[in-house]
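Hi everyone, thanks for having me. Let's put the structure up on the screen and walk around it together, one piece at a time.

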Amino acid sequence: MTVPSAVALQLKAGDEIAIALRDIAAGEPLSPFGLVAATAVPFGHKVSLRPLGPSDVIHRLGQPIGIATAAIPAGAHVHLDNMGFEQSMAAHAVGTRLSNAVRLAPSQVPAFDGYLRADGKAATRNYVGVLTSVNCSALVARMIADHFRHPAALAPYPGIDGVVALTHKSGCSVADGSMSMGMLRRTLAGYARHPNFAGVLLVGLGCEDNQIDQLVEEENLELGDGLARLVMQETGGTRSSVAHGIEIVEAMLERAAKTERRPIPASELMVGLQCGGSDSFSGITANPALGAAVDRLVACGGTAILAETPEIYGAENLLLERAVSPEVGQRLIGLLDWWEDYTKNEPQGFDNNPSPGNKAGGLTTILEKSLGAVAKGGSTNLVEVYGYGQPVEKRGLVFMDSPGFDPMSATGQVAGGANLIAFTTGRGSCFGCRPAPSIKLATNTAMYARMEEDMDINCGAILDGEKSVEEMGEEIFRAMLATASGRPTKSELLGYGEDEFAPWHVNAWL
């Protein structure tokens, strides 16, 4: 809870900087620090609490976030012109701060009303999906789904959330056996198996590198009532393919409409954790509150997927300390090593990640951004590390390799099995991720008020002194249960979630 008269907040004793709680004018007293602002400091930005010399390390929450690149007087704005990136100074000790968190007894675990699939997986939505093997079949997939957009088309199928077309820009001119082709097929297979899809139609052109039959064989998919294929060059072209696809989807809808929601324990929730359009308050309000909700979820036996590998860089020690084994810790270190090599030809390497919006919101280096991003994972142990889009099989807090680009990262989480997404934002990211509903968490009240039609929960109440992090975490956890039970999120009501399907590609296009 903040002091009403305070104009800046020091996050941990010993930090050289504080965060401005409103716009601060030059010459204004810096309550409660007994200083005067040497320069103007925008809302959410950093202000120096003591004089700093060039190369002095600057800390936030006790963690190094960069170095002074010039002399900084006390009370001055600390940002891009006087603070720079330093390679991660995080320690790599593994398992030194393991959590003793206790799982709840089954009788204490709350339930949500979801769909239980034949394979035992729990669903939070009841969609039929139309997936494409290649960009060339995207129009046909969209036309099939568009047929069912009018409410009258779905009226005969009560309990159906809709027909979703997920298209992409790849599938050809990507070498078979390459990392990109493997990730594309793994991602498509993850969506084809996803419990939030009651049925899936795979649509291809016929001559692409990503052949549907090869995809089905390599990923051990099984064609049948719940998974069908349609190849345009075999069916007769665009119009005939659309007509045939509509018939296939109608049969899937008829079967899916017979499924009803039933109570399912919260242990079957798998939540993908995302942050986008972050600001300086992300690591103070929404991300720690989401972490508190994750701790509740894990206590219930549920699963949370932290991702965005570039956005843990510099704060990886906070996860490595909670890794349950040296092998898990080394897998995480291996990912960071790969990314260091992968980004070495970028103009700023790892520090190329913070966007203009992040910087306008007060974040200066990737190290500072990472501190907030890691907070989404709560305080429980890290039980496993997965590659992009791999099926998540362990329960508890896990990590998945992905870029920091939110649609690409969330696509991997959903492919891994996430049946819900929790997305924090300080600048106001507009995002959805069908078939998984996405709960949007605002970091500050001013942005929430501007963009309330897109935001589900205002975590700015923490900064306003109205709620604690723990209280907000409980609110988020209850929102997870309500959303999983069918309550629509703001992004669902607005129609977000199809354009954000973005499989990750790393190889050359041939």
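Let's begin at G486, which sits just after helix α15 and takes a positive phi of about 120°. Please keep in mind that this is a predicted model. Now step back into the helix itself. How far apart are the end C-alpha atoms of α15? They are 22 Å apart, and since 16 residues at 1.5 Å a residue should span 22 Å, the helix, residues 469-484, agrees with what we expect. As you move along α15, you will pass several buried residues, among them M472, G473, I476 and F477. Further along, A479, M480, L481, T483 and A484 are buried as well.

Let's try the same with another helix, α3, which covers residues 179-192. It has 14 residues and reaches 20 Å from its first C-alpha to its last, close to the 20 Å expected. Is α3 largely enclosed or largely open? It is largely enclosed by the rest of the structure, because 11 of its 14 residues are buried. If you want to find some of them on the screen, look for S180, M181, M183 and L184, or for the run from T187 through L188, A189, G190 and Y191 to A192. R185 is on the buried list too. And what covers them? The cover includes strands β12 (127-132), β13 (162-166), β14 (197-204) and β15 (227-231), along with helices α4 (212-218) and α12 (406-415).

Just ahead of that helix, there is a loop worth a stop. V174 lies in it, between β13 and α3. Its relative accessibility is 3%, so V174 counts as buried. What does V174 touch, once we leave aside its neighbours within four places in sequence? The contacts are S180, M181, D209 and W509. As you just heard, S180 and M181 are themselves buried residues of α3. For a sense of distance, the C-alpha atoms of V174 and G206 are separated by 15 Å, and these residues are 32 apart along the chain.

Now for sheets. Strands of a sheet pair through backbone hydrogen bonds, either parallel or antiparallel. We have an example of each.

The parallel example is an open sheet of 7 strands, in the order β19-β20-β18-β17-β21-β22-β23. Which strands are at the edges? They are β19 (382-386) and β23 (457-458), and each pairs on one side only. Although β19 is an edge strand, 5 of its 5 residues are buried, so it is largely enclosed by the rest of the structure. It runs parallel to β20 (residues 396-400), and 4 bridges join the two; in one of these pairings, V385 has F399 as its bridge partner. Elsewhere in the sheet, β21 (residues 420-425) and β22 (residues 438-442) pair in the parallel sense over 5 bridges. There, I421 stands opposite S438.

Two loop residues belong with this part of the tour. A418 lies in the loop between α12 and β21, and at 0% relative accessibility it counts as buried. Setting aside residues up to four places away in sequence, A418 touches H194, M270, G272, I305, Q413 and A436. The C-alpha atoms of A418 and L273 are 9.4 Å apart, with their positions 145 residues apart along the chain.

The other one is D456, in the loop between α13 (445-450) and β23. D456 is partly exposed, with a relative accessible area of 23%. Beyond its neighbours up to four places away in sequence, D456 touches S438, I439, K440, Y448, T489 and K490. You met S438 a moment ago, opposite I421.

The antiparallel example is an open sheet of 3 strands, β6-β7-β9. Its edges are β6 (57-60) and β9 (83-84); each has a single partner strand, so one side of each is left without a neighbour in the sheet. β6 pairs with β7 (residues 63-68) over 4 bridges in the antiparallel sense, and R60 has Q63 as its bridge partner.

Lying across β6, β7 and β9 is helix α11, which runs at about 160° to β7. α11 (residues 366-375) also meets α7 (residues 286-299): their axes come within 7 Å and cross at roughly 30°. That angle makes α7 roughly parallel to α11. The contact is made by N287, P288 and G291 of α7 and by G372, A373 and A375 of α11. By class, that gives 3 nonpolar, 3 polar and no charged residues.

That's the tour, and I'm happy to go back to any stop.

Definitions and conventions:
Residues numbered from 1 in each chain as written. Predicted model: local features only at pLDDT ≥ 70, side-chain atom pairs only at ≥ 80, totals over all residues. Heavy atoms only, no water. Axes fitted to C-alpha atoms, helices over the stretch in contact; angles between N-to-C directions. Parallel < 35°, antiparallel > 145°, perpendicular 65-115°, else oblique. Contact = heavy atoms within 4.5 Å. Nonpolar A, V, L, I, M, F, W, Y, C, P; charged D, E, K, R; others polar. Expected span 1.5 Å × (residues − 1). Buried < 20%, exposed > 50% of the residue type's maximum accessible area, 1.4 Å probe, protein only. Pairing = 2+ DSSP bridges.
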